[in-house]
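Welcome! Let's take a friendly walk through this structure, one topic at a time.

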Amino acid sequence: MSTPKAAPLTERFRGLAREVIKFGAVGGLGVLVNFGVFNLLRSTTDLQTVRANVIAIVVAIVTNYIGFRYFTYRDRDLGGRRREMFLFVLFSGIGMVIESGVLYAATYGFGWDSSLQNNVFKFLGMGVATVFRFWSYRTWVFKALPTPAAPSLVVEQRDGHEAPVTALAPEPAATN
């Protein structure tokens with residue numbers, strides 16, 4: 001009995017590279033939105049650092065969901081949108097805790113609260129959270145569609161038992 005061959009390693013690597021590039025493009029837009037909203041809030045309001053960060057992340061989460069669903073993972077399973085959105089918000093929330101935790105520790109634990117320091121530690125926290133988000137989104141949220149199994153041919157032997165046939169070869173032509 002033969003089993004379907006897996007895609008060659010180079011093809012799987014290219015697919016993962018394309019996914020990482022698309023994830024990065026959407027994530028890059030999310031980073032711009034995140035930093036833009038964060039710095040706008042910090043410069044125009046009296047919001048505390050972490051509160052401004054949480055608002056900025058929520059705005060970026062909405063932007064990212066649209067980009068991931070309709071660009072990065074548009075070929076993924078479209079069933080179960082409620083589940084997908086729930087998991088996206090859940091894992092995005094965990095990412096928000098990671099990012100905000102780094103910023104919180106720097107700001108309130110070490111007293112590093114200048115604009116430059118806020119942005120540096122926001123960026124570091126975002127990097128750690130991004131690794132987590134990439135893994136969780138591709139594993140749990142935007143699940144890959146199952147690859148179709150190769151059809152198997154089954155023939156019945158004379159004794160009534162089934163025997164798998166892996167390939168049918170053409171019969172040799174008769175020569176005169």
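A residue is called exposed when its relative accessible area is over 50%, buried when that area is under 20%, and partly exposed in between. Keep in mind as we go that this is a predicted model.

Let's begin at the surface. Leucine 116 sits in helix α4, which covers residues 115–141. Its relative accessibility is 63%, so leucine 116 counts as exposed. Together with Val120, Phe123 and Leu124, Leu116 makes a nonpolar surface patch of about 410 Å².

Now let's turn to the interior. In soluble globular proteins, nonpolar side chains tend to be buried together. The largest nonpolar core here has 15 residues, and those touching the most other members are Phe23, Phe68, Tyr73, Phe88, Tyr137, Val141 and Phe142. Four elements give two or more residues each to this core: α1 (9–44), α2 (49–72), α3 and α4. A second core of 7 residues is separate from it, with Phe38, Ala52, Ala56 and Leu103 among its members.

What does phenylalanine 23 touch, once residues up to four places away in sequence are set aside? Its partners are Phe68, Thr72, Tyr73, Thr130, Arg133, Phe134 and Tyr137.

A charged residue can be looked at in the same way. Glutamate 99 belongs to helix α3, which runs over residues 81–109. Is glutamate 99 buried or exposed? Its relative accessibility is 0%, and because the cut-off for buried is under 20%, glutamate 99 counts as buried. Leaving out neighbours within four places in sequence, glutamate 99 is in contact with Asn34, Asn53, Ile57, Lys122, Gly125, Met126, Ala129 and Arg133. Arg133 also appears among the residues that phenylalanine 23 touches.

Next come the salt bridges, of which the count is 6. In one of them, the side chains of glutamate 19 and arginine 138 meet at 2.9 Å, N to O. Glutamate 19 lies in helix α1 and arginine 138 in helix α4, so this pair ties together parts that are 119 residues apart in sequence. Glutamate 19 has a relative accessible area of 9% and is therefore buried, while arginine 138, at 32%, counts as partly exposed.

Another salt bridge joins the side chains of aspartate 113 and arginine 42, at 3.7 Å, N to O. Because aspartate 113 lies in the loop between α3 and α4 and arginine 42 in helix α1, the pair ties together parts that are 71 residues apart in sequence. Aspartate 113 is partly exposed, with a relative accessible area of 37%, and arginine 42 is partly exposed too, with 26%.

The last pair to visit lies within one helix. Glutamate 84 and arginine 81 are both in helix α3, 3 residues apart, which is about one turn of the helix. They form a salt bridge whose closest N and O atoms are 3.8 Å apart. Which of these two is buried, and which is partly exposed? Glutamate 84 is buried, with a relative accessible area of 1%, whereas arginine 81, at 30% relative accessibility, counts as partly exposed. This pair also has a further link: Arg69, Arg81 and Glu84 are joined in a network of salt bridges.

Key:
Residues numbered from 1 in each chain as written. Predicted model: local features only at pLDDT ≥ 70, side-chain atom pairs only at ≥ 80, totals over all residues. Heavy atoms only, no water. Buried < 20%, exposed > 50% of the residue type's maximum accessible area, 1.4 Å probe, protein only. Contact = heavy atoms within 4.5 Å. Patch = residues over 30% accessible without salt bridge, like charges linked within 9 Å, V, L, I, M, F, W, Y side chains within 5 Å. Areas by Shrake-Rupley, 256 points an atom, 1.4 Å probe, with all protein chains shown as cover. Salt bridge = Lys/Arg side-chain N within 4 Å of Asp/Glu carboxyl O. Core = buried A, V, L, I, M, F, W, Y, C linked by side-chain atoms within 4.5 Å.
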